[in-house]
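Student: I've just opened a new model and could use some help reading it. Could you walk me through it, feature by feature?

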Amino acid sequence: MTQTYAQFATSFISRHASWYQKQQTSVASFKAFYSALDSWKRSDAKKLLLTMERHYLELDRLWRSVQRRTLGEGDETWRAGIQRQREDLLAKIRTLGGADAVAALMQRQRELRLADSGSLSSPTLSLTPPAGHLKADSGDPSEQTTDDVADSASSLACPATSGRASEAERILLKPSVVLAKAISDPASQDVDRVLGNFDLTVAAALQDAKLAHELVLDPGLRLEPAATNTLVGAVQQAVTKAFFDHIKQEIASGNSDHVASILSQLRLDMRTIVPPSSQQRETLDRELNPAWMAAQLPKGALDVYGKFRLVLMTVRSVCAPIRDDDIDLLLARLAAVDFDALADIHRAAGYSGTKSLSDAAKSSIGELLETTQEIMQLIRNVRLDALNHQLDTTVRPWLRLHAVEYEQTKMAQLLDTQHQGNAQMIAAQMTAWMRSAASRETSGQCTLSRSASSPPLVKHVFLEAFLDLCFAPTALSLEATPATWALDQQRIQQMQNEIQVLLSASALCALVKGLGQKTGLRIGDSELRQNAHELLDLLRADDVSMDRIIAAVQRMAAGSELAVTRLVPKTLAKDDPVFQAMERQLRKFMLAELDKDEEPGALSRRLEADSQAVAAMLSLFSMAVVHKDVVGLLLRISRLCSFNWQVYSPWYKLP
């Protein structure tokens, strides 16, 4: 282009050309210059257009991700900001590429949304531009088909005005169709990449109902990467052991060339936690280059301490703050190693060829090896932290979205096989466990009177019935577990046990306080809370016994040993009036909170904001000392009930 412009600029300067030739040359060179300029502008415009289109689609994907991760909570703030950016991008795309570019973009958006048409609905307005504003995006995404998988997914789609497919239509689908739709979700690629570290695929994780269920409902659940629990892991552990055994043998024989091998291994380990296209990766590859280190080491020119410090500081830059204390400890241990002695030995070995090492040098190398092993373990822990963070941010939202549909279709298939489509028999089986709660609701003997803000009657009965399971006098057996709670039988048992632990600890603290008042021993709130924590640990222990409980309470209520021995068994008896009253009040408190029909995230934020008011309410029946534990249990119950209701509510009808 610059060459044609130069020809155009100099076309009239030539002294050896006639006026006509100058004019012809000028016109031709200008046309060539303009053509090159236009081509350059079109190329840049195309690149800019592609960049803006990718940005627009990324915003659309971000919006769907927000809907999945927040379950419809707090969408308005996100929606407003994303909508403004999308409108700006659409205006620029229309200016740059015209109506055709906008139409192509909307077509691409529909294709991407097709696989994600079952996303959670949001209480806020749709981000889809109005039909009058962008006609190309006014159609129903489910009407567009691209392949067989998309056809399967489109059967789950819904009209643009309805938000989601009806429950009846969705549960009649085959599990294979729902599985195909889940796999076609664009987010499944990220999920598959994360699960690959655990020897899993998206299909396997979804089809393993127990695993998917636990990942969705237990935020504390952590997976171990494949490298620690499979054949691959056994091989890696054997290789690591062989590596350090070889280094120790080399040290024993006086070989001083091992430091480069250690640093090279650290470089390989660091590549598992440092992003591939980052400045940190480039720095590590440059500073820990094996050939360069091997050349510098014999000359004593390799800054070994600096290399190890570089590794630890790089780890600090990519790890969670919880690992900072471990890094500080390792840095202190490194500073204690005599690296100067090691440098002298390497230099001597390089010039004289001797391989002998002094006892001091061997000791320093031994310390360095121990520190290196701890650094490698730290790197593995950081990698595990990153993988489990991705479980929270990538895998769990995807499973939460698709596991509901998959569990529904599996249950529908099972019920249809068992009862040959008999609706009455299916309804009787699915709601038998709610019959007692429904009867109490009908006769006015329910735990809590419904208010105007209470959820629908069937949801209220559902919550009552679930608390019946949690507060049952005996542990829930597998045979007595309702079909809709089959995957949660052990979880409900744990909740039953935790309820008894909290009640028992609170009752014992009340006993200690009462005995202290009788003997003139003043026990403050902080001491009571400390006693409660000690009792909770004791009651949760596998080896808990009445003798150990009595001994603990006797220490807390000094001077009342005989009374404690007599009163502790009575206090913990299920038929004790005080214990029964506390149990009734705790159940009433939990039902009142669950009856507000909030999403688990909203309930958690509200309970945290109203912490003092909640503690004051619990103090009315002597359970303020276990306030945080009660709230934690309530949130677990809320999370479980919310998910179960999402999955099985189509079958929950009042008996």
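Student: How many helices and strands does the chain have?

Tutor: This is a predicted model, and its secondary structure comes to 29 helices and 0 strands.

Student: How far should I trust it? What does the chain average in pLDDT?

Tutor: The average is 74, and 67% of the residues score at least 70. Over residues 115-173, though, the pLDDT is below 50, even though this stretch has 117 contacts in the model beyond near neighbours in sequence. Residues 348-354 also fall below 50, with 6 such contacts. Here's the general idea: where pLDDT is low, the predicted coordinates should not be read in detail.

Student: Okay. What share of the residues is buried?

Tutor: Of the 655 residues in the chain, 45% are buried. The accessible surface comes to about 33300 Å², and 54% of that belongs to carbon and sulfur atoms. You can also look at how contacts span the sequence: among those between residues at least 6 apart, 73% join residues at least 24 apart.

Student: Which helix could I look at to see burial in practice?

Tutor: Try helix H9, residues 209-217. There, 7 of the 9 residues are buried, so H9 is largely enclosed by the rest of the structure. The buried ones include His213 and Glu214, along with Leu211 and Val216.

Student: What about nonpolar cores? Which residues touch the most other members in the largest one?

Tutor: That core has 91 residues, and Phe466 and Met623 touch the most other members. Helix H22, residues 489-519, gives the most to this core, with 13 residues. There's also a second, separate core of 35 residues, which includes Phe243, Val259, Ile273 and Val304.

Student: Let's zoom in on Phe466. Which residues does Phe466 touch?

Tutor: Leaving aside residues up to four places away in sequence, Phe466 touches Trp433, Trp485, Ile492, Met495, Ile637, Leu640 and Cys641. Phe466 also belongs to an aromatic cluster, together with Trp433, Phe462, Trp485, Trp645 and Tyr652.

Student: So how do I read aromatic pairs? How many are there in the whole structure?

Tutor: A search finds 9 aromatic pairs. One of them joins Trp433 and Tyr652: the centres are 5.8 Å apart, with 70 degrees between the planes. An angle over 60 degrees counts as edge-to-face, so this pair is edge-to-face.

Student: Why does that pair tie together parts that are 219 residues apart in sequence?

Tutor: Because of where the two partners lie: Trp433 is in the loop between helix H19 (423-431) and helix H20 (435-443), while Tyr652 is in the segment after helix H29 (627-648).

Student: Are Trp433 and Tyr652 buried or exposed?

Tutor: Trp433 is buried, with a relative accessible area of 13%. Tyr652 is buried too, at 2% relative accessibility.

Student: And charged side chains? What does the side chain of Arg440 make a polar contact with?

Tutor: Its partner is the side chain of Asp468, at 3.0 Å. Arg440 lies in helix H20 and is buried, with a relative accessible area of 17%.

Student: One last thing: what is special about the phi of Ser622?

Tutor: Most residues other than glycine have a negative phi. Ser622 is not a glycine, yet its phi is positive, about 60 degrees. You'll find Ser622 in the loop between helix H28 (611-619) and H29. At 38% relative accessibility, Ser622 counts as partly exposed.

Terms used:
Residues numbered from 1 in each chain as written. Predicted model: local features only at pLDDT ≥ 70, side-chain atom pairs only at ≥ 80, totals over all residues. Heavy atoms only, no water. Phe/Tyr/Trp six-rings, centres within 6.5 Å; stacked < 30°, edge-to-face > 60°. Helix = DSSP H or I, 4+ residues; strand = E, 2+ residues; numbered from the N terminus. Buried < 20%, exposed > 50% of the residue type's maximum accessible area, 1.4 Å probe, protein only. pLDDT = per-residue confidence, 0-100. Contact = heavy atoms within 4.5 Å. Areas by Shrake-Rupley, 256 points an atom, 1.4 Å probe, with all protein chains shown as cover. Core = buried A, V, L, I, M, F, W, Y, C linked by side-chain atoms within 4.5 Å. Polar contact = N/O pair within 3.5 Å; in protein donor to acceptor, adjacent residues only side chain to side chain.
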